[in-house]
Amino acid sequence: MVSDASRSRAPIQNLVDKISRYFVPIVVLISAIAFLIWWQFGPEPKLVYAFVNAIAVLIIACPCALGLATPMSVMVGVGKGAKSGVLIKNAEVLEKMDKIDVLITDKTGTLTEGKPSVEKIVVKDRDENEVLGKIASLNQSSEHPLATAVVNFAKSNNATFSKVENFESVTGKGVKGSINNELIILGNKKLLEQENSQDFSAIEEQVISEQKQGKTVSYIAIGKKVVGYITITDAIKKSSLEAINELKRQGVQVIMLTGDNENTAKAVASELNLTDFKASCLPQDKLEFIKNLQAKGKIVAMAGDGINDAPALAQSDIGIAMGTGTDVAIESAKITLVKGDLQGIVKAKNLSHAVMKNIKQNLFFAFIYNSLGVPIAAGVLFPVFGILLSPMIAALAMSFSSVSVIANALRLRTIKI
């Protein structure tokens, strides 16, 4: 992927190609005009002077530096990114990352560690270990990080696992299935309301209290009756706050979209100094939110790590996947952060800015060189100073322009991102 990216074209290269289409015939025309002028008005031997100066124009104007300006910077920039743990799929992303207006970020596994653990299980009128065994049996069939946390907790408490039938994972809501012909449900309030479960009131106040502390709470229902809840914690990454503040300082609006409830989302947003967030988001909600921003002309980056984030990652202008996340998220994204750390987004943006600045410097060197070199090679200094440019000197100067572009591009290896 890194190798392919280093050979891909940045959109700015299209501008260079367009300029080259006009540049080449103009140089040939200048060479022809120089030949005719020297042939008609030059000193003897006129024809020799005409040939030498026409050839010097063609040699010094060879657009090697122009052709190297963009791909050299892209190649070095992609390599620098890879060494810094930022894998970039193509050069277009490298150019566009510098222009992002909005960063959409998931919560679990993106802002948080993505290593949830069960803090406690609260059960009313049932044996706690028996209920734990049932919900853990249900979660054995799920790939969600929260499900893994429940299973690990049940194993550490020596809970008894049972055979599950009719298992169903309800996207963004939870899981359900049957054990010994008894319906078991584990999920958020939306799922339980969908299944017409009853008796929320006895535990709802406790659940809200847990959520306000930034914890994720899943309701447990057996049959149609809510029998308790399980509290899961997932620590916020130490680097998240620093990265968000830096992105905001650079003028990027940061918005958190999470499938978690309003209370938990608000607690996490408060801790991270985030004013913009939206809770209880299903995958299609994230997708529509990004489409609406794009319709307003915003350039949107999306950072996520889960299966639920894949559609939004694909829709965004720049999808950014955590390297610690799922394969489908990584496949849907255009940038992968190996360490799964939001500081990688800051690095990607800084790298993008540095690469674009470097490309513009290279193009400046190439254009200035040709603007000065072609007239001198044509002989404009001869009438006043008696100076002519030998084709051999022109060849050396042309090589120097390419070397200067390459040397400038290689400076990207030493920048701090």
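Q: Buried means under 20% relative accessible area. How do you know that K134 counts as buried?
A: This is a predicted model, and K134 has a computed relative accessibility of 9%. That value is under 20%, so K134 is buried.

Q: What makes E130 partly exposed?
A: E130 has 39% relative accessibility. Partly exposed lies between the 20% and 50% cut-offs, so E130 with its 39% belongs there.

Q: Why are E130 and K134 called a salt bridge?
A: The cut-off is 4 Å from a Lys or Arg side-chain nitrogen to a carboxyl oxygen of Asp or Glu. The N to O distance for E130 and K134 is 3.9 Å, so the pair passes. Both residues lie in helix α6 (residues 128-139), four residues apart, about one turn of the helix.

Q: What makes D260 and K107 a salt bridge?
A: Their side chains meet at 3.3 Å, N to O. That is within 4 Å, so the pair counts.

Q: Where in the chain do D260 and K107 sit?
A: D260 is in the loop between β9 and α11, and K107 is in the loop between β2 and β3 (117-123). They are 153 residues apart, so the pair links distant parts of the chain.

Q: Are D260 and K107 buried or exposed?
A: D260 has 10% relative accessibility and K107 has 2%. Both values are under 20%, so both residues are buried.

Q: Why does the pair K176 and E195 count as a salt bridge?
A: The closest N and O atoms are 2.5 Å apart, which is within 4 Å. K176 lies in strand β5 (residues 174-179) and E195 in the loop between α8 (189-194) and α9 (201-211), so the bridge ties together parts 19 residues apart in sequence.

Q: How many salt bridges are found in the whole structure?
A: The search finds 16. A network of salt bridges links E119, K120, E210 and K215.

Q: Why is the ring pair of F35 and W39 called tilted?
A: Ring centres must lie within 6.5 Å to pair. By this rule there are six aromatic pairs. F35 and W39 are one of them, 5.7 Å centre to centre with 50 degrees between the planes. Under 30 degrees would be stacked and over 60 edge-to-face, so 50 degrees is tilted. The two residues are four apart in helix α2 (residues 12-41), about one helical turn.

Q: What makes W38 and Y49 stacked?
A: Their planes are 15 degrees apart and their centres 5.6 Å apart. The angle is under 30 degrees, so the pair is stacked. W38 sits in helix α2 and Y49 in helix α3 (residues 46-60), 11 residues apart.

Q: How do you know that β2 and β9 pair?
A: Pairing takes at least two bridges. Four bridges join strand β2 (residues 102-105) to β9, and the strands run parallel. Four meets the threshold, so they pair. One partnership is L103 with V254 in β9.

Q: What makes β9 and β10 a pair too?
A: Three bridges join β9 to strand β10 (residues 276-278), again parallel. Three also satisfies at least two, so the strands pair. L257 stands opposite K278 in β10. With helix α11 (residues 262-271), β9 and β10 make a right-handed β-α-β unit.

Q: Why can F365 belong to a nonpolar surface patch?
A: Patch residues need over 30% relative accessible area. F365 has 35%, so it clears that cut-off. The patch of about 540 Å² also includes F364 and I368.

Terms used
Residues are numbered from 1 along each chain as its sequence is written. This is a predicted model: local features need pLDDT of at least 70, side-chain atom pairs count only at pLDDT 80 or more; totals for chains, interfaces and linings use all residues. Side-chain values use heavy atoms; hydrogens and water are left out. A crossover is right-handed if, with the strands pointing away from the viewer, the path from the first strand over the helix to the second runs clockwise. Patches are made of residues with over 30% relative accessible area and no salt bridge: like charges are joined within 9 Å, nonpolar side chains (Val, Leu, Ile, Met, Phe, Trp, Tyr) within 5 Å. Accessible areas come from the Shrake-Rupley method with a 1.4 Å probe; for residues, only the protein chains shown count as cover. Buried means under 20% relative accessible area, exposed over 50%, partly exposed in between (1.4 Å probe, protein chains only).
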